[in-house]
Amino acid sequence: MIDRYLDRGTMYALDDHGVKAICVVTDEGDGILEIKNIATHPDYQRKGYGRALIQFLIDTYKDTYRILQAGTGDSPLTVPFYERCGFKRTHIIKNFFIDHYDHPIYEGGIQLIDMVYLQLPLQE
Ligand SMILES: CC(C)(COP(=O)(O)OP(=O)(O)OC[C@H]1O[C@@H](n2cnc3c(N)ncnc32)[C@H](O)[C@@H]1OP(=O)(O)O)[C@@H](O)C(=O)NCCC(=O)NCCS
C-alpha cells in the first residue's frame with residue numbers, strides 16, 4: 001500500500017535534536033493535498049511534534065492547495081489527533097481495510113474496517 005504512493009509523495013522530517021516526526025503528502029488533484037502518513041517517534045508523542053508538522057503543512061501549502069486531507073482508520077489513536085488539529089470528518093470508504101489488506105489490522109484494540117477521511121480548509 002505504501003509503495004503505491006511513496007514515489008509520488010513528498011516526505012518531511014521534523015528535526016529537533018534528531019528526527020522526532022515524519023509525514024508524507026501527495027497531490028490528489030482538485031486542490032487537495034493528502035497526508036498519506038504521519039508519525040511521531042513513540043518516545044516523543046503527545047509533545048506537540050505532530051501538530052507542528054500539520055502547522056508546517058498549512059503554512060507551506062496554504063497558497064497552493066484548497067484542502068488538507070487525511071485518510072485513516074477509525075481509530076481512537078489517530079482520529080482525535082486530527083480533530084484536535086482542526087480537521088473535520090468528511091466521508092468514509094466502507095471496508096477499505098478489509099478489501100485492501102490480506103490480514104486484519106488492529107489499532108488501540110479496535111479492528112480497522114472503514115477508511116475515514118478528514119479535511120481542513122487551507123483557504124477562506
Ligand atoms: C497520531 C500521531 C502522529 C500524533 O502525533 P503527536 O506528536 O503525538 O501529536 P501532538 O502531541 O502534536 O498532539 C496534537 C494534539 O492531538 C492530541 N492527541 C494526539 N494523540 C491523541 C490521541 N491518541 N487521543 C486524543 N488526542 C490525541 C494531543 O493531545 C494534542 O492536543 P492539544 O494540543 O489540543 O492538547 C502519533 O500518535 C503517532 O505517530 N501515532 C502512530 C502513527 C499513526 O497512527 N499515524 C497516523 C496514521 S496516518
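**Reading the ligand site**

Trainee: Where does the ligand sit?

Mentor: The ligand sits in the largest pocket (over half of its atoms lie within 2 Å of the pocket's grid points; a pocket is an open set of points on a 1 Å grid over the protein atoms alone, where a 1.4 Å probe fits, with protein on both sides within 12 Å along at least five of seven lines). This is a predicted model, with pLDDT of at least 70 needed for local features and 80 or more for side-chain atom pairs, while totals for chains, interfaces and linings use all residues. Numbering starts from 1 along each chain as its sequence is written, and side-chain values use heavy atoms, without hydrogens or water.

Trainee: Which residues come nearest to the ligand?

Mentor: Nearness means a heavy atom within 4 Å. Of the 17 residues around the ligand, Ile38, Thr40, Arg46, Gly48 and Arg51 come nearest.

Trainee: Which elements supply at least two residues of the shell?

Mentor: Look at β3 (32-40), α2 (49-61) and α3 (79-84). The largest share, 4 residues, comes from α3. By class, the shell holds 8 nonpolar, 5 polar and 4 charged residues.

Trainee: What does the ligand meet on the backbone of Arg46, Gly50 and Leu77?

Mentor: Check for polar contacts (N or O pairs within 3.5 Å). A ligand oxygen is 2.7 Å from a polar backbone atom of Arg46, and an oxygen is 2.8 Å from one of Gly50. At Leu77, a polar backbone atom is 3.4 Å from a ligand nitrogen.

Notes: Polar contact = N/O pair within 3.5 Å; in protein donor to acceptor, adjacent residues only side chain to side chain. 1 Å grid on protein atoms, 1.4 Å probe; cavity = no way out; pocket = protein on both sides within 12 Å on 5 of 7 lines; lining within 4 Å. Nonpolar A, V, L, I, M, F, W, Y, C, P; charged D, E, K, R; others polar.
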